[in-house]
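Colleague: Could you take me through one part of this model closely, beginning with a single side chain and working outwards to the face between the two chains? I would like the reasoning set out step by step.

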Amino acid sequence: MNHPFTNAAWKKTSRIRRIILIIIILTTTVVACLFMSNILPHKGSTGLEVAMVLVFGALFAWISIGFWMATAGFATLMRKYDRFAITSTCLENHRRGELSGRTAILIPICNEDVERVFTRLKITYQSLEATGKLQHFDFFILSDSTDPDSWVEEEAAWAEVNQTLGAANRIFYRHRRVNIKYKSGNIADFCRRWGKNYHYMIVFDADSLMTGSTLIRMVQVMEQNQSVGILQTAPLGFNRESVLARVQQFSNHVYGPIFGAGLNFIQLGDSHFWGHNAIIRVAPFMKHCSLPRLSGKPPLGGNILSHDFVEAALMRRAGWEVWLAYDLEGSYEEMPPTLLEELKRDRRWCQGNIQHMRLLFSKGLFPAHRVLFLHGAMAYVSALLWFLFLSLSTAEAILEVVRVPDYFPVMRSLFPTWPVWHPQWALTLLASTGIILFLPKFLSLLLIIFRQKRSREFGGVIKLFLSVMAEIVFSFLFAPIRMLFHSKFVFITLMGRQVGWTSQQRSEHETSWREAIRFHGLGMALGCIWGTVLFFMNRSFFWWNTPIIVPLILSIPLSVLSSSTRLGKFFQNLGLFLIPEEINPPRELQLLQTTIQNQKTFFAPIPIPLKEGFTRAVVDPKVNALHRSLLEGKRKLMPSIIKRRQEFLEKALTQGPKTLSPKEKKELLLDPQCLLQLHERLWETLDHMIAQKWGFPPERNSL
Amino acid sequence: MSLLDSFGTDNPTDQCERKPDLVPPYRQEAFHRVFLYLQTLNVPEEKARELAREALQIAGNNQKDTAGSPFITEAMRALRELLVEQLPLLRKESFSLKSVSLYENLSGISSMPPLNRGFMSPDAMDLIPWRTFLVRSLKRAAAIVSRPLIFFIFFIFLLIFFVYLTLWR
């Protein structure tokens with residue numbers, strides 16, 4: 001039976017739960033620190049050892065948060081009923097009723113793979129259409145693309161989708177010439193132009209896919225709970241072939257639910273916003289969530305990069321609730337295909353999350369959101385702390401070998417003080433750390449096998465168990481590599497070096513050996529030097545550290561092999577890392593697979609690749625006309641600009657499109673007159689060489 | 001029938017009897033270009049041939065007036081004029097030609113709904129909060145210490161601390 005809850009109840013409960021969580025974490029951390037100090041040669045009495053214990057304490061507290069959250073999530077899911085699950089407030093009679101508010105589905109993109117974006121849009125549209133409630137939704141592709149080819153490709157894809165789906169006046173496209181404030185600015189621009197037309201907006205990422213029923217359900221929950229400002233779903237990974245991405249989407253499916261339930265257990269109405277696969281109430285968002293520019297220069301000043309956490313905090317500050325609908329299915333996203341892509345993304349997130357530390361003490365924010373800022377930053381700072389801990393422990397191990405033991409540290413002592421090491425204490429500490437790290441994984445396994453009885457969806461009990469074991473090996477192997485990169489990211493962010501906001505490479509591609517050597521070479525060298533020094537100076541300490549040293553030495557082959565789609569398929573054939581969507585794919589994912597297989601890459605009859613948007617805008621009369629008509633009204637130009645554009649036009653006509661820089665292409669695309677002139681003159685040209693440079697087939701063979 | 005057989009001539013009735021090699025190369029070239037253009041617009045083959053022939057015919061006539069202008073240029077210009085006239089009719093005949101409307105009706109297309117302007121300005125947010133936090137904390141501490149009893153205890157504590165520091169070797 002479902003009970004709608006009152007605001008007061010969750011607030012009181014969340015306070016009690018959070019106090020208990022803090023007490024448990026502090027207690028376990030203090031105990032672990034005492035153990036640690038006892039293991040150390042001088043029982044934590046030297047400056048070096050005090051520093052080690054402090055860093056260890058911070059790290060232990062950090063991993064305990066995840067452990068206790070997962071335990072809470074496990075208990076919640078074992079009970080099978082959560083009084084505070086936001087979806088349980090959506091009653092059956094309301095589910096059958098009509099939606100009253102209008103919803104905009106926003107797809108902000110920036111130089112993305114256009115085919116992928118529009119395929120997902122098409123599938124979401126069709127899925128929504130099948131629910132019979134399409135009339136309540138509009139789609140907006142909000143482009144910030146700076147690449148002229150992508151810009152034209154997006155316009156052509158928009159026209160094609162509109163025509164195929166018959167979706168005129170339901171799917172809209174907007175291109176921003178200047179992408180101020182990146183994604184948050186893109187969304188804000190939508191709100192300023194059309195926000196007043198909608199009650200809710202559902203924000204997608206370029207790789208998001210959501211089913212129609214899930215979208216409807218999200219709106220229903222918002223309508224049922226008028227105090228909710230943001231409702232975040234927990235997107236599941238799907239559709240990947242490389243080893244690393246498959247491992248991640250598997251862990252996302254297996255461990256994600258208990259961590260999601262755990263997060264909800266602690267946060268309740270003070271939850272996260274992850275920037276996509278979430279529904280937002282537009283009016284309060286427009287009123288309270290506009291982001292200011294931080295004083296000072298980037299990376300710590302300037303525009304707020306990771307806008308989502310801040311928007312959630314601002315929404316909450318204004319009194320609106322932010323909830324995680326952890327049990328809502330049908331929300332998907334894709335994992336980065338390679339380790340390098342993941343690290344590139346992490347570098348952006350790292351900078352954004354560290355920037356949040358500047359807002360930590362901002363007036364009016366709720367304590368829970370201050371903790372979220374801290375938590376976000378710790379996700380990366382913890383890597384630096386781990387690196388620091390390893391450095392300190394290595395220094396201690398070397399010092400122990402170099403230094404002459406002092407058997408009489410206390411003056412006038414009758415008896416010597418022998419340096420005693422307790423390996424059983426070290427093992428106990430190691431075991432308890434292992435439990436904290438890996439128990440949540442086994443709890444997830446138990447939940448799937450015994451409570452939810454869903455092991456068949458993962459290939460059966462044995463394959464599921466083997467997949468979890470293999471995933472643990474993978475996480476062991478990749479943790480030191482990630483640690484090294486994250487430490488570097490934190491360090492260079494704090495040193496004031498900025499990161500660019502480039503688009504993510506989301507399609508499947510493999511890491512080349514050259515690329516891997518370039519990115520991991522230094523880490524491998526560090527692993528080799530560190531290992532050699534320890535091997536010769538303190539052999540026993542070396543063996544203790546092999547789980548960290550070996551992956552660092554193997555980082556190059558690990559990065560290359562983990563990006564392999566062939567190896568990924570091999571594991572899939574073995575029945576490892578399977579996810580329910582692969583065993584029994586929902587209709588939307590089946591459609592996606594079919595569409596991907598039938599993708600065309602050229603436009604007929606002139607063989608210009610679809611990705612060469614600028615060339616298409618010049619050659620293809622339809623694309624040319626479409627692009628010109630979508631350009632906003634006529635502008636009066638300065639004579640110098642007209643002259644410059646005319647020069648670009650002549651250059652394009654005499655040398656072909658490949659000689660133009662992106663900036664020159666963009667200038668021509670911005671000028672409808674120039675583009676029409678270019679189109680007409682090209683089709684009238686007598687020079688076959690030039691025509692072929694623009695993609696025309698040789699005259700004789702064309703027909 | 002190959003497409004070369006259907007090049008544009010002054011007399012369409014005898015086109016089946018003419019051989020391709022008798023057609024002047026500039027005319028063949030113009031025909032190819034015009035036909036290709038129509039293909040990119042998804043015009044059905046038969047209709048495309050008909051339009052191409054017509055365009056070439058007009059181009060032939062026009063060329064007499066504009067001596068020196070290349071035939072391809074004239075043919076393409078003639079085709080564009082023809083398309084503006086004929087596309088609305090063509091569109092009714094075939095579904096595949098719907099996309100052609102994009103070419104014909106340039107000014108009518110918009111990818112965005114009408115604007116309904118709202119505003120979105122940032123709420124007041126402390127941009128250097130750590131400084132405010134520090135000042136706020138110091139003020140609070142000062143407010144607490146300024147109470148007589150607490151000030152006395154604080155003073156004693158400072159005194160003990162000072163004595164301890166002085167005596168400590």
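Modeller: In this predicted model, a good place to begin is the side chain of Y173(A), which makes a polar contact with the side chain of E154(A) at 2.7 Å. Y173(A) belongs to strand β3 of chain A, and because its relative accessibility is 2%, under the 20% limit, the residue counts as buried. Across the sequence, Y173(A) is 31 residues away from L142(A), yet the two C-alpha atoms are 6.2 Å apart in space. Leaving out neighbours within four places in sequence, the contacts of Y173(A) include I141(A), S143(A), W151(A), E155(A) and W158(A) from its own chain, and they also take in S111(B) and M112(B) from chain B. The tyrosine is thus a convenient point from which to turn to the face between the chains.

On that face, 60 residues of chain A are in contact with 47 residues of chain B, and the two chains bury about 5,100 Å² between them, with 61% of that area on carbon and sulfur atoms. Polar contacts join 15 residue pairs across the two chains, counting pairs in which both residues have pLDDT 80 or more. As for where the chain A side comes from, α5 (148–165), β3, α6, α10, α11, α23 (621–630), α26 (672–684) and α27 (688–693) each supply at least two of its residues. The largest share, seven residues, is given by α23(A). Sorted by class, the side of chain A that touches chain B holds 32 nonpolar, eleven polar and 17 charged residues. Charged partners also meet across the chains, where three salt bridges are counted; one of them joins the side chains of E684(A) and R77(B), at 3.7 Å from N to O.

That salt bridge leads to α26(A), where E684(A) is among the buried residues, together with C674(A), L675(A), L678(A), H679(A), L682(A) and W683(A). In general, an α-helix has 3.6 residues a turn, so residues three or four places apart point the same way. The helix α26(A) has 13 residues, and the distance from its first C-alpha to its last is 18 Å, close to the 18 Å expected at 1.5 Å a residue. At its start, a side-chain oxygen of D671(A) comes to within 3.1 Å of the backbone nitrogen of Q673(A).

Two other helices of chain A can be set beside this one. In α8(A), twelve of the twelve residues are buried, and these include R246(A), Q248(A), Q249(A), S251(A), N252(A) and H253(A) as well as V243(A), L244(A) and F250(A). The span of helix α8 (residues 243–254) of chain A agrees with expectation, because its twelve residues should cover 16 Å at 1.5 Å a residue and its end C-alpha atoms are 16 Å apart. Within helix α13 (residues 367–402) of chain A lies S382(A), which is buried because its relative accessible area is 8%, under the 20% limit. The side chain of S382(A) reaches the backbone oxygen of A379(A) at 3.4 Å, and, not counting residues up to four places away in sequence, S382(A) touches L59(A) and W62(A).

The loops deserve a separate check of backbone geometry. Most residues other than glycine have a negative phi, and most peptide bonds are trans. K181(A), in the loop between β3 (171–175) and α6 (182–194) of chain A, has a positive phi near 60 degrees although it is not a glycine; because its relative accessibility is 24%, it counts as partly exposed. K453(A) likewise has a positive phi, of about 50 degrees, and is found in the loop between α14 (423–451) and α15 (461–494) of chain A, where, with a relative accessible area of 64%, it is exposed. A cis peptide bond, with omega about 10 degrees, joins P298(A) and P299(A), and P299(A) lies in the loop between α10 (282–288) and α11 (307–317) of chain A.

As a setting for these details, chain A has 27 helices and twelve strands, and 56% of its 703 residues count as buried. Among its contacts between residues at least 6 apart in sequence, 81% join residues at least 24 apart.

Conventions:
Residues are numbered from 1 along each chain as its sequence is written. Chains are lettered from A and ligands numbered from 1 in the order in which they are written. This is a predicted model: local features need pLDDT of at least 70, side-chain atom pairs count only at pLDDT 80 or more; totals for chains, interfaces and linings use all residues. Side-chain values use heavy atoms; hydrogens and water are left out. Helices (H or I, at least four residues) and strands (E, at least two) are DSSP runs, numbered from the N terminus. Buried means under 20% relative accessible area, exposed over 50%, partly exposed in between (1.4 Å probe, protein chains only). Contact means heavy atoms within 4.5 Å. Buried area is the accessible area (1.4 Å probe) that two parts lose on being put together, summed over both. A salt bridge is a side-chain nitrogen of Lys or Arg within 4 Å of a carboxyl oxygen of Asp or Glu. A polar contact is a pair of N or O atoms within 3.5 Å; within protein, one must be able to donate a hydrogen and the other to accept it, and residues adjacent in sequence count only if both atoms are side-chain atoms. Ala, Val, Leu, Ile, Met, Phe, Trp, Tyr, Cys and Pro count as nonpolar, Asp, Glu, Lys and Arg as charged, and the others, Gly among them, as polar. The expected span of a helix is 1.5 Å times one less than its number of residues.
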